Amino acid sequence: MTQPSDINPSDINPSDINHFDITWQERGGPPRMSANPDYPQGVDLDVRAPSEKAGPSCTVKLPYPTGKGVIGTWLVRCQRCGRAVGITAASRADDPRSAIIACKGMEGVA
Ligand SMILES: [Zn+2]
């Protein structure tokens, strides 16, 4: 069983996640493919749609390495605007370590 409480708080930079809820959802068993050797330190994802790239966004730091030994999804939810995205991780070296997410809550502020 994998619970959100399995996340080690020391893996997360609080300044980056202080308005995000991050929970882990296990999706499958062990990774079936080996890690991409081009990304031994993890990858920084941009999960914005092309139309969102000009607007406000947040960078959220993900717990990395995932270290759970299974494929799953980080569910990241913005406490400001309620936006939620799912980011797949596979307990491999090339897992995502951060993600750029468009933030609706900051529209009109800038
Ligand atoms: Zn937001």
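pLDDT is the predictor's confidence in each residue, from 0 to 100. Keep that scale in view, since this is a predicted model.

**Stop 1: colour by confidence**

Select the whole protein chain. Its pLDDT averages 82, and 78% of the residues score at least 70. Now select residues 12–17. Here pLDDT stays under 50, and the model has 10 contacts for this stretch beyond four places in sequence. Move to residues 106–110. The pLDDT is below 50 there too, with 4 contacts in the model beyond near neighbours in sequence.

Which element has the lowest confidence, and which the highest? Helix H1, residues 14–17, is lowest at a mean of 46. S2 is highest, at 96.

**Stop 2: switch to cartoon**

The protein chain has 1 helix and 6 strands. Follow the elements from the N terminus: the order is α-β-β-β-β-β-β. Of the 110 residues, 18% count as buried. Take the contacts in the chain with a separation of 6 or more: residues 24 or more positions apart account for 73% of them.

**Stop 3: the sheet with S2, S6 and S3**

Select residues 43–46, 57–61 and 96–102. Residues 43–46 are S2 and residues 57–61 are S3; residues 96–102 are S6. These 3 strands form an open sheet in the order S2-S6-S3, with mixed pairing. S2 and S3 are the edge strands, each pairing on one side only. From one strand to the next, the twist averages 20 degrees.

Zoom in on S2 and S6. They run parallel and are joined by 4 bridges. Label Asp-44: opposite this residue, in S6, stands Ser-98.

**Stop 4: Val-47**

Step along to Val-47, in the loop between S2 and S3. Is Val-47 buried or partly exposed? Val-47 is partly exposed, because 16 other C-beta atoms lie within 10 Å, whereas a buried residue needs 20 or more.

Show what surrounds this residue. Leaving aside neighbours within four places in sequence, Val-47 is in contact with Val-85, Ile-87, Ala-99, Ile-100 and Ile-101. Draw a distance from Val-47 to Ala-99. Their C-alpha atoms are separated by 6.6 Å, although the two residues are 52 residues apart along the chain.

**Stop 5: S4 and its partners**

Select residues 72–78, which make up S4, and residues 84–89, which make up S5. The two strands run antiparallel, joined by 6 bridges. Arg-77 stands opposite Ala-84 in S5. The hairpin of S4 and S5 has 5 residues between the strands. Among them, pick Gly-82, which takes a positive phi near 80 degrees.

Now add residues 20–26, strand S1. S1 and S4 run antiparallel, with 7 bridges between them. Label Ile-22: its bridge partner in S4 is Val-76.

Show the side chains of S4. Which residues lie on the covered face? They are Gly-72, Trp-74, Val-76 and Cys-78. The uncovered face has Thr-73, Leu-75 and Arg-77.

**Stop 6: the largest nonpolar core**

Show Val-60, Val-76 and Ile-101 as spheres. The largest nonpolar core has 14 residues, and these three touch the most other members. Which elements give two or more residues to this core? They are S1, S3, S4 and S6. Two of the spheres have appeared before: Val-76 is on the covered face of S4, and Ile-101 is in contact with Val-47.

**Stop 7: two backbone exceptions**

Most residues other than glycine have a negative phi, and most peptide bonds are trans. Two places here depart from that.

Go to Pro-65, in the loop between S3 and S4. The peptide bond from Tyr-64 to Pro-65 is cis, with omega near -5 degrees.

Finish at Ser-91, in the loop between S5 and S6. Ser-91 is not a glycine, yet has a positive phi of about 55 degrees. Why does Ser-91 count as partly exposed? Ser-91 counts as partly exposed because there are 16 C-beta neighbours inside 10 Å.

Technical notes
Residues numbered from 1 in each chain as written. Pairing = 2+ DSSP bridges. Axes fitted to C-alpha atoms, helices over the stretch in contact; angles between N-to-C directions. Core = buried A, V, L, I, M, F, W, Y, C linked by C-beta atoms within 7 Å. Buried ≥ 20, exposed ≤ 12 C-beta atoms within 10 Å, placed from the backbone. Contact = placed C-beta atoms within 7 Å.
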